[in-house]
Amino acid sequence: MRRTGSWLWLVLLALVLLAALPLAVSGYILGVLTLAYYFGVFSMAWDLLFGFAGEVNFGPTFLIGLGAYAAGLLNTAGWPIPLCILAGALAAVLGGVLLALPALRLRGPYFGLITLVAVLLLQQAIVIFAGVTGGEIGLTIPDVISVDAGVNYWIALGFMAISGFLLFGLARSPVGLILQASGQDAVEAAALGFNVTKHKLAAFCISALFSGLAGALLVFYLGTASVGTVVDIAVGVQVIIAAVLGGRRTIVGAAIGAIFLIIAAEALRPLGQLSTLVVSAVALLAILFLPDGVVGYLLHRGRTP
Amino acid sequence: MFTLQILVDGFAISALYGLGAIGFTLIFGVSGVLNLAHGGIMVVSGVAAWAVAGDLHAGPYLGALAGVAAGVLTAFATYGLVVRPIQRSRAIPRDETEIFVLTGTLLWGIMLQVAIAYLFSDNPVTVQPLIGGVVQVFGVRTPRNELLIAVISWVSIGLLWLLVNRTRAGRTLLAASINPRALTLLGFELSRIYLLVWAIYGVLAALAGVLLASFLGTSSANIGQLTASAFSIVVLGGLGSVSGSLIAAYVVGYLETITAYTVSPTLRTIPALLLLVLVVYLRPQGLLGRR
């Protein structure tokens with residue numbers, strides 16, 4: 001327990017330092033970090049589903065995209081921003097329930113495939129209804145939350161911090177333990193008297209809620225929603241890589257992994273196309289030699305000799 | 001006339017889908033690996049065939065040969081550099097090997113995609129067909145190459161059937177898919193069987209990649225799409241079932257061709273995706289799958 005305590009202080013200190021950042025650095029760096037924080041929430045939400053409920057969701061962007069596009073479309077129709085964000089979250093939760101239905105019947109690769117197909121179908125739907133959604137070019141949103149880089153940065157940081165604490169608390173709570181048990185051995189968990197279905201459904205809804213919220217907020221930060229930024233499978237892969245890189249079952253690791261990935265991609269930008277190659281290779285090496293992720297490694301180092 | 005056109009066109013593309021998907025399902029059946037770098041291997045062989053045939057002026061035959069060789073090498077690299085280390089790693093819990101193999105091969109596929117795009121750009125390239133010209137099939141003008149593709153695909157599938165059912169090596173493969181532990185107890189080296197199955201897989205995927213490149217063209221941007229379609233065909237047919245994959249390949253191939261001809265080419269993948277969702281909901285083991 002003391003271990004958790006010292007980690008908490010470390011995280012708080014890091015948050016305070018990060019919150020003070022707009023006083024010191026340029027708007028460009030703030031912009032990169034803002035994006036990274038939203039990605040952090042994507043990854044943490046994915047980690048809750050995979051690391052704790054044991055569901056391999058290859059389509060996190062299905063939930064993110066639903067939230068982003070629902071919010072964007074309603075804003076185009078004239079709804080105010082807060083309502084749009086709520087509606088986006090709601091749309092993502094509905095999508096989460098839709099995904100949970102097969103997940104409760106299917107295991108492993110079958111469920112993974114369904115999530116992949118869900119993303120492809122969403123992508124096709126967006127392209128087909130290009131008249132409404134802007135198709136492949138993207139949807140331009142009339143409103144943005146703020147034009148000030150600092151304000152956007154604080155909103156993203158605050159959102160990531162709150163989401164992180166909530167998800168982390170949930171993962172460490174009895175509910176999180178039951179989820180972990182159902183993910184590892186559903187039959188045994190059910191035999192112990194836990195309602196596996198209810199808990200998994202809840203995990204999907206919570207993961208979807210945070211994905212959708214983050215997707216909607218991201219849209220109002222970027223001022224546009226496009227397949228390439230919130231729906232494409234490549235974006236989903238990045239979310240997954242971030243969580244694995246940082247450490248599965250840690251929540252915090254997912255956020256750290258996402259921030260690292262976004263910053264690394266930005267720092268390697270001079271390499272052009274090769275930057276993706278380098279990032280993928282690093283992630284692959286991490287999977288091979290550090291399968292618990294960076295945070296997982298640090299946590300386990302003390303426990304096993 | 002119109003129906004005939006669909007029948008003839010759909011036949012070749014379906015045969016090609018079948019060829020591409022069989023290796024995928026074989027690997028899963030024998031070693032339990034879902035290789036998400038599948039599309040990457042197909043495109044590597046297609047682009048290699050194009051580069052050797054065109055840039056080096058080696059002609060279509062040498063080009064195709066080089067393409068297949070490149071594909072087999074990439075398949076071995078996938079096994080040796082990604083899949084095998086993950087399977088052997090002590091740090092990865094047994095019950096999580098599957099997700100690590102999926103993530104690892106996915107990353108490897110992305111690396112292949114970026115490497116090809118960097119070396120050859122992601123512009124679509126078309127490999128020169130092995131034979132040119134057009135013939136009439138049931139009154140439908142069909143490129144000779146399309147016929148050749150169907151023939152090569154079915155001959156390869158036939159050879160694979162012979163290999164698996166009529167040779168000693170093939171039967172050990174079959175046995176490995178049913179009970180690998182018993183096979184090791186009988187003194188067979190599992191790692192050699194895996195090498196063999198990856199070699200067969202490499203040839204099948206590479207052949208499909210080269211033929212596809214001569215038919216529809218190939219591009220590093222298609223890698224994800226190719227993997228997804230092989231994956232869906234294999235799940236539709238039933239994971240690990242070769243005959244199921246062939247039937248599913250024809251269902252998907254014709255469904256796509258019919259949609260492309262009667263509705264719109266831009267919608268060609270959608271009915272197959274919807275069918276897949278439906279099948280997975282109602283019959284998760286696929287058409288001919290075992291659980």
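**Chain A against chain B**

Let me begin where the two chains meet: 32 residues of chain A are in contact with 34 residues of chain B, and I should say at once that what we are looking at is a predicted model. On the side of chain A that touches chain B, the elements that give two or more residues are α5, spanning 108-128, α12, spanning 233-246, and α14, spanning 274-289, each of them in chain A. Of these, α5(A) supplies the largest share, with eleven residues. If we sort the residues on that side of chain A by character, we find 24 nonpolar ones, together with six that are polar and two that are charged.

Now let me turn to chain B taken by itself. Chain B is built from eleven helices and two strands, and if you follow the sequence from its start, four helices come before the two strands, after which seven helices follow.

What about the overall dimensions of chain B? Along the principal axes, its C-alpha atoms fill a box of roughly 60 × 45 × 35 Å. The radius of gyration of chain B is 19 Å, and because a compact globule with 291 residues would be expected near 19 Å, the value for this chain agrees with that expectation.

Inside chain B, buried residues account for 51% of the 291 residues. As for how the chain folds back on itself, if we take the contacts in chain B between residues at least 6 apart in sequence, 74% of them join residues at least 24 apart.

Notes. Residues numbered from 1 in each chain as written. Chains lettered and ligands numbered in written order. Predicted model: local features only at pLDDT ≥ 70, side-chain atom pairs only at ≥ 80, totals over all residues. Rg over C-alpha atoms; globule rule 2.2 N^0.38 Å. Buried ≥ 20, exposed ≤ 12 C-beta atoms within 10 Å, placed from the backbone. Contact = placed C-beta atoms within 7 Å. Nonpolar A, V, L, I, M, F, W, Y, C, P; charged D, E, K, R; others polar.
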